[in-house]
Amino acid sequence: MSEINIKDIAKICGVGVSTVSRAINNHPDVNPETKEKILKVIRENHYVPNNSARNLKRSDSNTIAVLVKGVSNTFFTEMIETIQNEIKKHNYSMVLHRVEFDEDEVDVALELVKEKRLRGIIFLGGYFVHSEEKLKRLKVPFVLSTAGSISKVYNRDDYSSVSVDDMEESRKMTQYLIDLGHRKIALIATRESDVSVGKLRIDGYRKALNDNNIKIEKSLILHMDPNIEEFSSESGYKAMKDFLDEGKKCTAVFAISDTVAFGAIRAIYDSGLTVPGDISVAGFDGIKAGEFYIPSLTTIKQPIDEISRATSDILFEIINGSSGHRHEIYPGSFIERESTDRLSSSK
């Protein structure tokens, strides 16, 4: 008797070849009784799936890729565990890929789609400015998580997003510093060409100043060095140290991430100043390290668990055909700690 093949298995079981392939690959949408029938026939006939059977249909894979942009931003570390657990609940596997700050995350995703036969992609963060034509080449659903609202750049029906209201939360933090009496408030921001999270947080900073009739000074907006990884402590340190070394002055600094704020605080101390005695410092994200840093960091906390679960839920709803693309925005939580103080009359 000739060696049995996947078509023979399908014929014996009275199902399609694609159903056999999904059963072999442990796909969750195969009826348990049908799956057991297929596996029983496979065992009885000593059938060994070969590569061509496994690759019969690209969509038969049950792998989700999570691409993390900004390897120094520990905020994403706290999200990954929750996302991984959610993916496992759906009987899918996760491929974690860290994207270097000078890499194009969509180019990386396109390669992973070819290599891993992905069912979906989650982008965590990223400098998300890509052509719609390029994004459509992905051919799998994707969710932008904590990448900001970019509806002005892309058709909202082509992708999903989950984030906080970056502009509003940034405005609230800047307003808090203003309410403490600060007027010379520096902002450590991303590169000038950023149109995603970085731009939204700059817009929030600008709005708070405008609302309070405070002049926006370009010299107080400190863009990170493009040669240093964004959202890293190193980038925050250099931006703050360069500012102080040039003899410029401020009474408060708002860093657009906690990790950046840590670098800024170090630069202030290395310049012979104190926090918050000479300069108050506030961050954004609410990572756990901020609670234990000295001084502990005033920040806007993003709801990590809620964002992580919503990201996974939306992606699987799209994969399963139970929902189209959608966009979720969550409120942040203000946390006041030791790194900020009311402006004293002597400053």
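This passage describes the sheet, the helices packed on it, a helix pair and the nonpolar cores of a predicted model.

Residues are numbered from 1 along each chain as its sequence is written, and side-chain values use heavy atoms, with hydrogens and water left out. In this predicted model, local features need pLDDT of at least 70 and side-chain atom pairs count only at pLDDT 80 or more, while totals for chains, interfaces and linings use all residues.

A good place to start is the sheet. Its 6 strands are arranged in the order β2-β1-β3-β4-β5-β11, with parallel pairing, and the sheet is open. Strands (E, at least two residues) and helices (H or I, at least four) are DSSP runs numbered from the N terminus, and two strands pair if DSSP finds at least two bridges between them. Because β2 (93-99) and β11 (327-330) each have a single partner strand, one side of each is left without a neighbour in the sheet. On average, neighbouring strands are turned by 15 degrees against each other, direction ignored. Within the sheet, β3 (residues 120-124) runs parallel to β4 (residues 142-145) and is joined to β4 by 4 bridges; Leu124 has Ser145 in β4 as its bridge partner.

Two helices can be followed across these strands. Helix α5 (residues 75-89) lies across β1 (63-69), β2, β3 and β4, at about 160 degrees to β2. Helix α13 (residues 304-319) lies across β1, β3, β4, β5 (160-164) and β11, at about 170 degrees to β5. Angles run from 0 to 180 degrees between N-to-C directions, with axes fitted to C-alpha atoms, for helices over the stretch in contact.

Leu124 also leads into the interior. The largest nonpolar core (buried Ala, Val, Leu, Ile, Met, Phe, Trp, Tyr and Cys residues joined through side-chain atoms within 4.5 Å) has 68 residues, and Leu124, Ile188, Met240 and Val281 have the most contacts inside it. Helix α13 gives the most to this core, with 8 residues. Beyond four places in sequence, the contacts (heavy atoms within 4.5 Å) of Leu124 include Val66, Phe76, Ile80 and Ser145.

Elsewhere, helix α2 (residues 17-24) packs against helix α3 (residues 32-44) at about 85 degrees, with axes 10 Å apart. That makes α2 roughly perpendicular to α3 (65 to 115 degrees). In this contact, Thr19, Val20, Ala23 and Ile24 of α2 meet Thr34, Lys35, Ile38, Leu39 and Ile42 of α3. Thr19 is buried, with a relative accessible area of 16% (buried means under 20%, with a 1.4 Å probe and protein chains only). Not counting residues up to four places away in sequence, Thr19 touches Val30, Thr34 and Ile38.

Terms used. Angles under 35 degrees count as roughly parallel, over 145 as roughly antiparallel, 65 to 115 as roughly perpendicular and the rest as oblique. Buried means under 20% relative accessible area, exposed over 50%, partly exposed in between (1.4 Å probe, protein chains only).
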